[in-house]
Amino acid sequence: MKITVCIKQVPGTAQVEIDPATGVLKRDGVESKMNPYDLYALETALRFKQSHGAEITAVTMGPPQAESVIREAFMMGVDHGAIFSDRRFGGSDVLATAYTLAQGIRAAGGADLVICGKQTTDGDTAQVGAELAEFLGIPHVAGVSRIHELSGEEILLDLDLPLHVETVRVKLPCLVCVEKGIYEPRLPSFRRKLETAGRPVRTFTLDDMEDPAPEHYGLSGSPTQVKRIFPPENTNTHESWEGSGDELAERLRRFLDDRKFLQQLR
């Protein structure tokens with residue numbers, strides 16, 4: 001069985017600048033890490049590898065430095081890695097990102113099962129997995145909280161809905177988006193780091209895709225555009241009070257009453 005896990009390198013800090021012209025994050029020079037939700041997708045795949053002898057490929061879309069998250073996946077037990085990297089992919093919205101991933105997965109040899117994390121911490125849209133499945137032409141299930149059984153033909157799993165849990169059986173090939181906490185992610189192994197130090201990571205550019213039309217990628221292929229993005233204003237203020245317990249209690253009462261908080265409670 002061939003399993004592909006989609007992972008992403010995301011900013012390791014909330015202090016990220018925005019390009020005023022394009023409205024996208026400036027990632028160059030920013031401390032980065034693997035998207036935390038992707039660790040659960042990797043752990044799910046690695047458990048299938050242990051139980052079914054699956055072959056796992058981790059793929060990511062991003063600049064060349066995104067190779068570091070592929071290397072981290074190697075340290076966890078992933079077999080192969082690929083990066084979809086081209087400046088013409090820059091500025092992609094969720095739809096263009098999903099299209100690029102679909103093209104890249106096909107170029108890398110396809111998969112029987114594609115596993116994604118719930119969402120990414122930089123975009124938080126939780127849309128790429130479903131759109132990727134549509135572009136691949138395979139069924140998908142999001143919100144997967146438990147996997148009961150995997151065979152060579154289908155997968156039996158639970159999806160966590162707002163009011164109940166539904167158990168479904170899905171034919172392979174398919175795509176699943178797993179929830180945080182489906183398994184406890186393992187830690188990277190230093191021994192595997194040494195063993196995989198020379199393992200190649202394949203790089204795919206636009207020229208390697210089945211569809212090489214540049215207008216289908218990046219900003220050109222993105223039907224949605226960011227009009228404006230900005231950090232919230234910091235309006236936090238503080239003050240210190242001194243006095244006896246009775247004085248402070250009365251002052252606090254007046255403070256809350258002036259701001260109508262006590263009226264709301266009444």
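**Figure 1. Ile115 and the residues it touches in this predicted model.** Start at Ile115 and look for partners that lie beyond four places from it in the sequence. From the early part of the chain, you will find Ile3, Thr4, Val5 and Cys6 in contact with Ile115. Ala41, Thr44, Ala45 and Phe48 are also partners of Ile115, and so are Val176 and Val178.

**Figure 2. The largest nonpolar core.** Now take in the group of 38 residues that form this core. Which of its residues touch the most other members? They are Ile3, Val5, Ile7, Ile115 and Ile155. Helix H1, spanning residues 36–52, gives this core its largest share, with six residues.

**Figure 3. A second core, separate from the one before.** This core has 23 residues. Among them are Ile105, Leu132, Ala133 and Met209, which make handy landmarks to search for.

**Figure 4. The whole protein, with its seven helices and eleven strands.** Step back to see all 266 residues, of which 41% are buried. The C-alpha atoms fill a box of roughly 70 × 45 × 40 Å along the principal axes. The radius of gyration is 23 Å, whereas a compact globule of 266 residues would have one near 18 Å. Among contacts with a separation of 6 or more, 68% join residues 24 or more positions apart.

**Figure 5. The surface and the charges of the protein.** The accessible surface comes to about 15,400 Å², and carbon and sulfur atoms account for 50% of that area. How far apart are the mean positions of the 30 positive and 39 negative charges? The answer is 2 Å.

Methods:
Residues numbered from 1 in each chain as written. Predicted model: local features only at pLDDT ≥ 70, side-chain atom pairs only at ≥ 80, totals over all residues. Heavy atoms only, no water. Core = buried A, V, L, I, M, F, W, Y, C linked by side-chain atoms within 4.5 Å. Buried < 20%, exposed > 50% of the residue type's maximum accessible area, 1.4 Å probe, protein only. Helix = DSSP H or I, 4+ residues; strand = E, 2+ residues; numbered from the N terminus. Contact = heavy atoms within 4.5 Å. Rg over C-alpha atoms; globule rule 2.2 N^0.38 Å. Areas by Shrake-Rupley, 256 points an atom, 1.4 Å probe, with all protein chains shown as cover. Lys, Arg positive; Asp, Glu negative; His and termini not counted. Charge placed at Lys NZ, Arg CZ, Asp CG, Glu CD.
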